[in-house]
Each structure stands twice: as structure tokens, then as C-alpha cells.
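Visitor: I am new to this structure and would like a close look at a single part of it. Could you take me through the pocket and then the parts that lie around it in the account?

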Amino acid sequence: GPLTMAKAKAEVPPPEEEEAEIGTAPVPPCLAWTDLTMTETAEFMALTTPQETLTFIAEKFGLVDYERNARSAQIVDFYLWILSFTKDSGFNEEKASATFTILKNLHDFSVKYKQSVEQAYNEFKRLIVMHSLAGVEGSVQLFSSEDVTLLSAFVSRTYFQHYRLYQYAAVHEQEKDQHAVLLFVNTPTDPPALADAIIETKPDEAAAASGEKAEAGGEAENEEG
């Protein structure tokens, strides 16, 4: 009867959700693949020229106005620093993607909550530890102790060395100076008409011509005599 059919329907298990392909979505607690997938990270690692890296970052994160927008330029510079560091350090795609999101989240967190340098560094340590411990709930062992040393040194000499500048640039619109300048360009005058031109001879040529006339005149007189 209807009751039996309703019960049967209720017992049908829900369809299993398809697992995302590895490298396309983050698997908590690891932050890898949050902002950069495995394919995108590998694509960046394969770039060879500065212009290619700038274009990649600008297009990926909607910062194509970085050449005329100081705030976008600052973010592009920051992102480029991070990814170049991971490439130079020999990080694989997973470590590079996780590093990028850790530092991106750190900056967003610091700006949003107006954190002091000490508070921001504590947040950085929390995120790094979360990716460096095995067998601890809420953590994953992605970074080795050597990786942690490299990351700490890099962040200390880059982001935290210029921390207040990053904070200021993120919340203050950059002033723009506009100047209007009148330029006066001298242009050449029109040349005289060729019909008015006078043939000039050089002094030596004029003297030679006079001498030839004199000789011709002397010869004529001799012939007449």
C-alpha cells in the first residue's frame, strides 16, 4: 500500500557526493588549492619571464589595473614575492599553493582586524603550525622543519619588515597629483621659393673665373695686334 511505498522510498540511501579531483579544491585543514589549483600553480612554476609572471597574477586575481592603481600594484608585488619564493625554494605545487593562501589570508586578516605586528605574527605561526604537525587534530603535516625555517625567514624579511607600509597602503587611497603643462614647440619657417634663389659661388671659384676671363681678354688683344 501507500505506506509501504513511502517506507521504501525513505530507506533509499542518498546519492554519494562525487569527490573533487585532487588538486582542484582544498581538503581541510590544509589550505592548498584554495586560491591556486594544482594546474594553476604548475603553470606559474613554468613561467620564465617577469612579464609572464606579472600577467599571470594580474589576470588570475583581477588586478589588471596594477600599472595605474597603486593599491593593485602593491598586491601584485606581494603575490609575486610569495610565488617567486616558493619557486626559488623548490616547493612542490601543494606546498606552494598552501604557502600562497597562508600569506594571503594573513594579510587579509591583519588588514580587516587592524592587527599589530605581534598579533599578525602569532596568526602566521598558527597557520604554519596547522600545516606542520602530524597526528594532531585540526593539523596536517605538509611542511618540514626546514620549510618552516625558510618560511619564517622569508616572511620576516619581506612582509613583516614592511608591515606598517602594507597596512597603510591597504586602507588609504593613494594621493594623485595632476599637473597641466603648456608646451610650446618651435617649428621651422617655410623655406623661400626656389624661383627667388640666387646662385652663389665660392670665393676660390669666383677668383678662378675672373682669372680665366682676364686670360681670355689678353689672348684676344694679342690676336688683334
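Guide: In this predicted model, helix 4 (70-88) and helix 8 (163-171) each supply at least two residues of the lining of the largest pocket. Helix 4 gives the most to that lining, with 5 residues. The largest pocket itself has a volume of about 150 Å³, and of the 11 residues that line the largest pocket, the closest to its centre are Q74, H162, L165, Y166 and A169.

Staying with helix 8, one may look at Q167, which is found in that helix. Q167 counts as buried, because its relative accessibility is 15% and the limit for buried is under 20%. Leaving aside its neighbours within four places in sequence, Q167 is in contact with S110, V111, K114, Q115 and Y159.

One of these partners, K114, deserves a look of its own: K114 has its place in the loop between helix 5 (93-112) and helix 6, and, at 67% relative accessibility, K114 counts as exposed, whereas Q167 counts as buried. The phi of K114 is near 50°, a positive value in a residue other than glycine. As a general matter, most residues other than glycine have a negative phi, and most peptide bonds are trans.

A positive phi also appears in the loop between helix 1 and helix 2, where W33 has its place; the phi of W33 is near 75°, and W33, too, is a residue other than glycine. W33 is buried, with a relative accessible area of 9%, while K114 is exposed. The loop between helix 1 and helix 2 also holds P29, and a cis peptide bond, with omega about 5°, joins P28 and P29.

T37 is found in that loop as well, between helix 1 (2-10) and helix 2 (38-45). Not counting residues up to four places away in sequence, T37 touches G23 and T24. T37 and E93 are 56 residues apart in sequence and 8.4 Å apart in space, C-alpha to C-alpha.

To end on the surface, V129, L133 and V136 make a nonpolar patch of about 210 Å². Of these, L133 lies in the loop between helix 6 (117-130) and helix 7 (145-157), and L133 counts as partly exposed because its relative accessible area is 35%, which falls between the limits of 20% for buried and 50% for exposed.

Note on methods: Residues numbered from 1 in each chain as written. Predicted model: local features only at pLDDT ≥ 70, side-chain atom pairs only at ≥ 80, totals over all residues. Heavy atoms only, no water. Patch = residues over 30% accessible without salt bridge, like charges linked within 9 Å, V, L, I, M, F, W, Y side chains within 5 Å. Areas by Shrake-Rupley, 256 points an atom, 1.4 Å probe, with all protein chains shown as cover. Salt bridge = Lys/Arg side-chain N within 4 Å of Asp/Glu carboxyl O. Helix = DSSP H or I, 4+ residues; strand = E, 2+ residues; numbered from the N terminus. Buried < 20%, exposed > 50% of the residue type's maximum accessible area, 1.4 Å probe, protein only. Contact = heavy atoms within 4.5 Å. 1 Å grid on protein atoms, 1.4 Å probe; cavity = no way out; pocket = protein on both sides within 12 Å on 5 of 7 lines; lining within 4 Å. Points joined across faces, edges and corners; volume = space filled by probe spheres on them.
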